[in-house]
Amino acid sequence: MPTESSSLDLSAFKVLDPLIIASISLSPSNVAKYHKGLTTLPVRSGSLAEFSPDPIFHYLFVKPHDPQYTPIINAHPNINGRSLYISAIPFDSTVHHLRALFTAIGGGRIETVIFSDEPLPPRSSTADDRDLIRNKKRKRSTPAAPSKQTAETAPWLPLWNRKLHPPGTTAVAVFVDKAACELSMKAVTENSTDNPNLEYFWGSGIGHGNLIPQLGKTRYEDHMESMFPDPEWAQKFVDDSLEAYDNRLKAEEEERRRKANEPDEDGFVTVVRSSRPRPPPSAEEIAERLKKEEKRSQKGFYPNFYRFQQRELKKEQAKHLLSQFEDAKRQVRERKDIRQHRSRYQNA
Amino acid sequence: MVHVLVSKVNTLAPYFKSRMAHDLSISQSRNSKKRKIFDSHGFKDAPNPPLSPLRRSYQKEVADLIRLQKCSAQEMSQVTQAVENVKRVLIDIKETTFVSIRDAEAMFHSHGVHIPYPECGDCIRDGGVCLSSPTRVEAEWGLGHKMLPKSEHGDISVDLFIEIPSATFHPKDYLEYRYHRKRIIYLSYILLALKNTQKTSDYSYLADFMDGDEFRPIILVDCPSSRCKIRLIPAISLSIFPLDKLSPNTCRADRQNDVPTPMYNSSIIDDAYHLVALDALQKYAVSNEGFKEALILGRVWLFRLGFSSHLLDGGFGEKEWALLQCHLVETATTPSRYSTSADAFQTFKSVLNLIANTSIHSQFNISILHQRHIDFNVFSKMSRWSSQALIHHSRAATSLDKLGIPSRAQVHSIFENPLYHISDIAMSFPIDSLQIGEMLPKTVKRWNLKYHINEYCYNLFSKGLGDRFKMMIFSTPRPHSKQLKDALDTPPQNPDVYGLTIFITLDEKMCRRVLDYGPEVQDTAKTADFREFWEDKAELRRFKDGRVMETVRWDSNSPPTEQILSFLHRKLTASFQTTEKPAYQGLESGIYLANPPLLRPADDSHETTVSEFEMIANAIRQVKGFPLGFRKISGVSPSLSFTSVEPPVPCSRYLGPPLEGELELESSSMWPVDPEQRSRTELGLLLKLRAELEATGNFLTVRVGIASASRLHSMSCFLDLLTKRQFYFRFRLRHTLEILPKKAGVNLPADPSLGIPNVGFMHPNKRSSLRASTIQRCYQYQYFSSSVRILKQWFRSHHLACFFPGDILELFIAGVFSQYSPAEIPGSTYCGFRRAMARISHWDWRRTPLEVEILRHFTGDERAHILKAFGTYQHASPNNEACLSVVLPGEDGEVDWIRHLIPRLVAIRMTQLARETHNRLSSTPTPFQAAFIPDMSFFDFVITLKRKSDPHESVGKYSNLSAVPKKFGPLPLYQEFVAELKVQTEEYILLFPSEDSLTIGGLWKAKNEPNIPDLQDSANLAVKCGISNKTAILGLIIELGLGLVERIHVKVSD
């Protein structure tokens, strides 16, 4: 086929080599240290290592995080002062990647990372949490509602073994304490574009215990397999979730009905559609319905549709006219008789 | 309301104008200013034109067209000056007397005047000849009306008729070339005078023939200063010769042979009628504006079809058209019909009607129309092929009237249609005129050899092709006019070898017939003739009904037409010493049998797939105990509607991309409202169906799969089936809840704020009905399916296919196969493709929607509404995206819209590539494959992926055919990779994956610095994170495609 790579005319192109990479790469000296209030942190990446021995740079933008965004505070109430905001994170970032990075540049220890493309966890108040932030004042005394994970909302099996971040994702790295955070920010400033000598490659230094699935072909093969779940699991998953859904609907319906009969605290009763059978129809309604039916039955009947009907109708009319004429004639004759009788009587 | 309509209709006119100008390569600088005003948005504020009834709107277009044809005042004054100079010289010429013709010739030779003329025997009765100044010198009618034809280089050509005085001729001079010899003498006499006069001596003089007729030389005066060429055409008065003795079936030259000399006879008659025709034309052109305009329309129409007065161009041009128009006016039964106010387009159509209905001469097989009941046939110069082609075109154009198409649409499709010229097969081969001349009769080959060779070839080809063709056009290179050199004594010679191209329009219903029937065996004369023609191909066959007939049977493996053409070429060149292979354009075998083939032959693989699909559909319908009934089970994949580029193949080793289908369920109120619960319910239903189908044991594997439908959490489920013949199908559920309200989808979006692009480019209901109509068209037209496939292949080769859904490409082809246009239904895949290319390259998607008239044609009102609606919608589309709109006539009087948003760059690329392909294929003889070689230099970088197995290559010797393939092949993996890569890099690069995803072209997007809002909403800090760090992006590609990407090529200039 003409689309085969061997038959394509690629004379205007060159396969990636160190020269080409050097000509298009963006070296740290060309990137400003501060950009709109964020500090630039160059990170070496070995993704093009097979084409060029020189490293390529990826640039992160870091600044202290100002947690005014309500959902984040709700999810992580005690991160004030110990979190950094990181923009333009690589697509394959994980907590482990960032942990390794900050360890390498001499920053503090990361407790957790909040990625902007991941749903925020529900607010937790477990014992571990309290242990970790023992010296902080709790602002609220009531614990948050426990997460409601029923069969109805049970998650589907994951289709991908590793989630990648879409472009434009940002992250908030939460450090164990304020000092660690400050130390990290300092390390970032020191290793910025004016001093890009850090020999750390993105993705290295992650502990062996943290198994991060490989990208590329194996990932897609794994995805293809995970698209077809075990039928038994699927059956159970569907049965459970639909049953739970039905039960919830039933419970809600019952609750609604119950409320229909009970006045609330102000004395009002919510009006709902009743499930009682309708009362038998009254005599008027029956008469009305009969009338309608009669009308409907007559609808299809046309008295003068056929020719013979029209002829008969005409005959009837003629007969009627004739009889009227006969009547009129009789009346006239009678009147005449009476008049004659009268005149005769008068003459007599 | 009416106001708006009118203004919208008027906005089309400038566009139409520009398109016509583009096609006719006529400069339009004069109108450009005006057009700009009309195009701009400021036109809205301009004063509204006075209300005119809509029905007259097409006249405006006609008027625009005519205005473009007129010459400027400056050009006209220069031409008039030159003509006046020549005229004055001719009138003042002195009288000369010669004792004999030979004397005269010798005298002119001695003065360096020699007009080349072939030797015509020594049968001149030597008598004295007296030459005097012409009786009349008249310029052609167009000079007074600023309507002179222009050549490609912008030179204006003007005819000057010179009446030779009657005293020059003897009444018997019409015999034996005497008239022609004296005509030459007279021309030499004029030429000498022109050369010797100071005023005209700086002009250059060329020798040419009147309309290529070698009987009648003329002088071409080239005036370089005024950029015009004056043709000096000798004429005679009507009364000199008895013209009734010159009927076509009489012999007036070479009388010893006694063979009729129709061309010789008509050459004399033609000269006698020059001035008569000119007088008539001038009379009508002055009194009747519509008459003049109709002449221009005729000129444009003939020019576009390639006809001209030249013998080799068909012998029917503007002059003959004008004579027909005069004939119409003279013979009109009602005087008012062609009165002064007559409409130009109506007159134009009347002439077409006249051509379409002229009688055919029984002997010469050409049309005849005798003007004023005398022996002057307007069609006398036409050859058989041109006569047939002209009648065919006229009938096609007049048939639009019978279909009830409004006049405006008719003007549009007759004058703007780019599909006219494209024939089904073009065949070109070198002709050795000396060798082929041997086959022609002696009397014929002396004059106009090329014309007679064309006639000979036409006879041969028309007999061989029989009813398989509708028309043939012969294209021969026209000889150039020669410089008149002093005393040059070489007679005009025909070039020995020249190229002949035959454009054949096939009858698409007949051209695939494998068996040709000849005469019955009893008819000995005809049988002998048949056997002589078909040689060893002729076979005697007995049929079931007892008849014994001569037949020719063609090999069913390759198209019969191609076999016939190569047979005929062999037959034609059998006696030649050396023969070259003819060059074809439009062969089916060039598409399927090339190496590598452009398309793989589909054979019956589509049918097999459809039957497998039907089997599954039946199995699903027979499932008992399923909670909902199946309303419809339909195929979505193009393989199921015969339009997939690759013919579907069974999965032998790997699972390939599945053939998609849809299960439509009966409506039910029990579906949960929550989309999450709905997808879980779907999963439950599919699991139930899976269990039932697995129990039947008819399938190798039955699986239920899950995929993420969108970036949101809702999942979509599907059912995968592998049949026993290893066809892999995938079915998705479609229930009534998904069906959107009709108004929101395909039909005119009343309110652009509805956000139509989010809904999808087509309503789901409409999509299924379109698919059904596509399948129907595949059965109806022989070449529909292959045309769609080749168009899709073209889009694929140029890495554009992923931006265009198959339905839109099918509509491009459906528009070409429409019967509501004067162009024929394509009779070859090549023709279907070329026409689609022509259509796409002429489509300005910024200004008009593509009208695809299937089912019915649009009414005038509908067109106005379409334009209005299009204007409203176009403003809503964003800047960097282009909206391709296609309109279809709907069923119940409504208009269906299909709108497809693609990156503007891609739309521009499509038009640009289509234009390139169209021009390349129509201008030079390029191999068809060249149109499919992508121009990779368009991309900034190219990613090549590792090539694994090809599903079409033959299975290895020892592979286990009965094993059930379980793993997916590389193609689905590649598709997943490309889809993810697109999401990851959409801000920085535009990807052009080829359909097999083996190469991916990439373009860096211009830096638009996307602003990503901070997590902190109060600060609202915009962070620039899109520095185009190209190496980082290339690194991303390598990392994401680990094990899939082979290498990345970057453009050297980078």
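Begin by selecting residues 158-284 of chain B in this predicted model. Helix accounts for 33% of this stretch and strand for 25%. The C-alpha atoms at its two ends lie 20 Å apart. According to the unreviewed UniProt entry, the annotation "domain: Nrap protein" covers this segment, and it also covers residues 291-396, 443-567, 605-738, 781-923 and 938-1048 of chain B. Each of these ranges may be coloured in turn.

Next, display the whole of chain B. Its secondary structure consists of 29 helices and 31 strands. Chain B has 1054 residues, of which 43% count as buried. Of the contacts in chain B between residues at least 6 apart in sequence, 72% link residues at least 24 apart.

Now turn to chain A. Here there are nine helices and seven strands. The chain has 348 residues, and 24% of them count as buried. Where contacts in chain A connect residues at least 6 apart in sequence, 75% of them connect residues at least 24 apart.

The interior comes next. Select A:L60, A:A173, B:L686, B:L791, B:I813 and B:I1037, which are the residues with the most contacts inside the largest nonpolar core, a set of 152 residues. Within chain A, at least three residues of this core come from domain 1 (5-123 + 149-225), and at least three come from domain 2 (229-276). A second core, separate from this one, has 126 residues, with B:V89, B:Y117, B:L160 and B:F345 among them. In soluble globular proteins, nonpolar side chains tend to be buried together.

For a closer view, centre on B:L791. Apart from neighbours within four places in sequence, this residue is in contact with B:L809, B:F812, B:I813, B:F833 and B:A836.

The tour then moves to the contact between the chains. Select the 64 residues of chain A and the 70 residues of chain B that take part. On the side of chain A, at least two residues each are supplied by β1 (13-15), α1 (18-24), β3 (38-45), β4 (56-64), β5 (83-87), α6 (217-226) and α7 (231-261). The greatest contribution is that of α7(A), with seven residues. Coloured by residue class, the side of chain A that touches chain B shows 38 nonpolar, 18 polar and eight charged residues.

Finally, select β1(A) together with strand β31 (residues 1045-1051) of chain B. These two strands run antiparallel and are joined by three bridges. Within this pairing, A:V15 is found opposite B:H1049 of β31(B).

How values were computed: Residues numbered from 1 in each chain as written. Chains lettered and ligands numbered in written order. Predicted model: local features only at pLDDT ≥ 70, side-chain atom pairs only at ≥ 80, totals over all residues. Core = buried A, V, L, I, M, F, W, Y, C linked by C-beta atoms within 7 Å. Buried ≥ 20, exposed ≤ 12 C-beta atoms within 10 Å, placed from the backbone. Domains from an automatic or database assignment. Contact = placed C-beta atoms within 7 Å. Helix = DSSP H or I, 4+ residues; strand = E, 2+ residues; numbered from the N terminus. UniProt positions renumbered as here; feature names shortened; annotations may be inferred. Nonpolar A, V, L, I, M, F, W, Y, C, P; charged D, E, K, R; others polar. Pairing = 2+ DSSP bridges.
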